[in-house]
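These are my notes from one session with the model. I looked up strand pairing, then the contacts between chains, then a single residue.

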Number of protein chains: 4
Amino acid sequence: MHALSAIGRFEGLEHHFGLRVYFEDTDLTGVVYHANYLRYLERARSDMLLAVGVDQRATFESGEGAYALRNVRLEFRAPARFGEELIVISRLVSMRAAAVTIQQRVMRVQTIVATGEVEAAFVSPAGRPRRQPAQWVAAFEPLLWKGN
Amino acid sequence: MHALSAIGRFEGLEHHFGLRVYFEDTDLTGVVYHANYLRYLERARSDMLLAVGVDQRATFESGEGAYALRNVRLEFRAPARFGEELIVISRLVSMRAAAVTIQQRVMRVQTIVATGEVEAAFVSPAGRPRRQPAQWVAAFEPLLWKGN
Amino acid sequence: MHALSAIGRFEGLEHHFGLRVYFEDTDLTGVVYHANYLRYLERARSDMLLAVGVDQRATFESGEGAYALRNVRLEFRAPARFGEELIVISRLVSMRAAAVTIQQRVMRVQTIVATGEVEAAFVSPAGRPRRQPAQWVAAFEPLLWKGN
Amino acid sequence: MHALSAIGRFEGLEHHFGLRVYFEDTDLTGVVYHANYLRYLERARSDMLLAVGVDQRATFESGEGAYALRNVRLEFRAPARFGEELIVISRLVSMRAAAVTIQQRVMRVQTIVATGEVEAAFVSPAGRPRRQPAQWVAAFEPLLWKGN
């Protein structure tokens with residue numbers, strides 16, 4: 001696979017990823033359907049991983065494994081609407097042998113729309129927890145959030 | 001609107017809702033994509049509300065308001081795969097003037113696949129918290145989980 | 001894998017599959033978001049296949065292959081709304097060595113909401129067209145629609 | 001609402017819109033789930049409309065109406081996979097009083113992945129066909145594809 005380019009960018013230790021709300025994201029109440037925030041968060045994480053050189057696709061296709069979410073906590077603060085431009089800000093708050101934890105918040109200009117924290121465990125193709133690739137750990141190292 | 005029929009059923013205070021995993025629910029790792037569990041949980045909650053006489057559509061269309069999720073906690077215990085039949089078990093653990101909290105678990109026969117707890121606040125069409133319909137409170141009353 | 005049960009049923013050569021519209025299916029205009037009809041159609045086809053003994057999961061997991069859509073035609077006749085119960089009626093109108101064509105319509109009581117026709121080709125895991133399993137062809141044979 | 005910026009750009013009469021395939025877009029066969037192409041096509045159309053000054057949100061919120069799809073034709077030519085960068089190319093091939101028709105193709109570098117043609121009718125909030133806003137017609141005029 002050729003090298004992919006990340007769409008977002010880092011500002012310090014935080015990764016910023018912009019996106020827009022489309023029809024597909026809304027529900028009849030006129031705001032973003034709650035489950036779709038998990039899709040936003042994952043797009044941002046995938047882009048963050050790409051930016052630090054973590055190639056999820058090659059690792060999965062080689063049969064080594066993939067991240068599977070273990071825990072998710074979401075808090076919804078304000079509704080987001082069709083056409084709005086949002087930004088997902090992600091930071092790595094924990095890294096263990098077989099898992100990482102990433103805190104994320106979805107912002108609309110200066111309003112927090114949603115916050116999330118996900119713990120992703122590295123699992124073998126058969127679904128068993130497994131030590132994540134050393135090169136991924138190395139890639140994440142410099143990103144680890146020291147608190148603010 | 002004519003009366004709708006619920007698809008699930010109550011066993012005691014717990015509401016059971018069956019569903020199947022389709023192609024649309026999976027991702028390339030072969031298991032249910034994590035965000036789709038939120039869709040499963042919501043289908044089950046909507047059916048539960050219907051079963052106790054809470055008509056979300058009429059209430060929304062009348063301009064009174066709708067539930068908006070405030071907090072979500074998900075824990076993923078085991079992967080679910082294409083074709084599997086799952087059951088979502090839901091129970092009401094808290095009811096306040098303007099919000100309800102529902103605990104849910106997704107089961108595959110005797111394996112817990114995921115658990116979730118969502119807090120849904122009743123909001124006006126403009127998105128402000130609002131006391132929920134008295135008739136909904138009355139409908140929920142007998143369902144309130146007393147602990148186990 | 002244990003035997004799964006189909007949810008829908010055949011009435012003559014046509015397969016009937018009921019479903020309900022949930023929040024996840026709607027968009028801000030208050031009706032079912034168009035792409036979601038493709039999800040409804042696929043749920044109905046998967047159930048239809050299951051009912052005639054076509055086990056898509058086992059065939060995919062064995063490495064033999066899977067159906068991939070080639071052509072889709074959709075016509076939207078009437079909006080469907082949150083809470084409505086719909087029925088997807090499917091019939092097999094063509095079967096060739098490596099592909100099948102299924103016509104489907106989504107009904108709300110007596111109103112056609114959408115119609116679709118999809119051609120699904122059987123492809124190898126590498127994505128190449130391939131003769132579909134003989135046992136699938138045999139299972140489909142009796143279903144072939146003779147025109148009406 | 002403040003002015004939004006389009007993400008894609010026009011090359012002559014054709015609108016180019018880039019996107020990436022995320023986990024949410026794939027299914028267990030490892031490629032993009034077919035219904036998700038309709039989501040891609042709609043993102044591209046929404047961006048195209050934005051670029052020519054058609055503000056769908058303001059028009060919907062004012063109670064004037066919205067586009068509803070009438071017909072969709074999709075042809076799938078090649079699978080797209082996780083991580084790939086795709087481009088959706090859209091052109092306006094027909095404009096009538098109450099509807100527009102847009103042809104689209106999804107490309108992976110030089111491979112066509114899918115083609116689509118959608119006819120979108122302008123409908124009132126009650127769902128009735130209605131003459132589309134004169135300013136939208138004026139915005140589309142210069143885009144009309146003259147054949148190639």
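Which residue of β6(A) does A:V72 stand opposite? I found A:V118 there. The model is predicted, so I keep to what its coordinates and scores give.

**Entry 1: confidence.** I noted the scores before going further. The model has an ipTM of 0.88 and a pTM of 0.90. For chain A, I read a mean pLDDT of 89, with 96% of the residues at 70 or more. I keep a general caution beside this: where pLDDT is low, the predicted coordinates should not be read in detail.

**Entry 2: strands of chain A.** I went back to the pair A:V72 and A:V118 and looked up the strands around it. Strand β3 (residues 66-76) of chain A runs antiparallel to strand β6 (residues 111-123) of chain A, and I list ten bridges for this pairing. β6(A) also pairs with strand β5 (residues 99-108) of chain A, again in the antiparallel sense and over ten bridges. In that second pairing, A:Q104 stands opposite A:G116 of β6(A). β5(A) and β6(A) make a hairpin, with two residues between the strands. I checked the turn and found that A:V109 has a positive phi, about 45 degrees.

**Entry 3: chain A against chain B.** How many residues of chain A are in contact with chain B? I get 18 from chain A, in contact with 18 from chain B. On the side of chain A, both α1 (35-51) and β3 supply at least two residues. β3(A) gives the most, with ten residues. By class, I sorted the side of chain A into ten nonpolar, four polar and four charged residues.

I then looked at how β3(A) meets chain B. β3(A) pairs with strand β3 (residues 66-76) of chain B, antiparallel, over five bridges. A:R73 stands opposite B:R73 in this pairing.

**Entry 4: chain C against chain B.** Here I count 14 residues from chain C and 14 residues from chain B in the contact. Which element gives the most to the side of chain C? I found helix α1 (residues 35-51) of chain C, with four residues. I sorted this side too: five nonpolar, two polar and seven charged residues.

Next I superposed the two copies. A turn of 180 degrees with a shift of 0.0 Å along the axis lays chain C on chain B, at an RMSD of 0.0 Å. The two copies are therefore related as by a two-fold rotation axis. I also checked whether the contact surface is shared, and 100% of the contact residues of chain C recur in chain B. In chain C, the residue that comes closest to the rotation axis is C:L19, with its C-alpha at 5.3 Å.

**Entry 5: C:A121.** Is C:A121 buried or exposed? I call C:A121 buried, because 21 other C-beta atoms lie within 10 Å and the cut-off is 20 or more. C:A121 belongs to strand β6 (residues 111-123) of chain C. Leaving out residues up to four places away in sequence, I list its contacts as C:Y67, C:A68, C:R70, C:A98, C:A99 and C:P129. I also took one distance: C:A121 and C:N71 are 50 residues apart in sequence, and their C-alpha atoms are 9.3 Å apart in space.

Conventions:
Residues numbered from 1 in each chain as written. Chains lettered and ligands numbered in written order. Predicted model: local features only at pLDDT ≥ 70, side-chain atom pairs only at ≥ 80, totals over all residues. Contact = placed C-beta atoms within 7 Å. Nonpolar A, V, L, I, M, F, W, Y, C, P; charged D, E, K, R; others polar. Pairing = 2+ DSSP bridges. Least-squares fit on C-alpha atoms with pLDDT ≥ 70 in both. Buried ≥ 20, exposed ≤ 12 C-beta atoms within 10 Å, placed from the backbone. pLDDT = per-residue confidence, 0-100.
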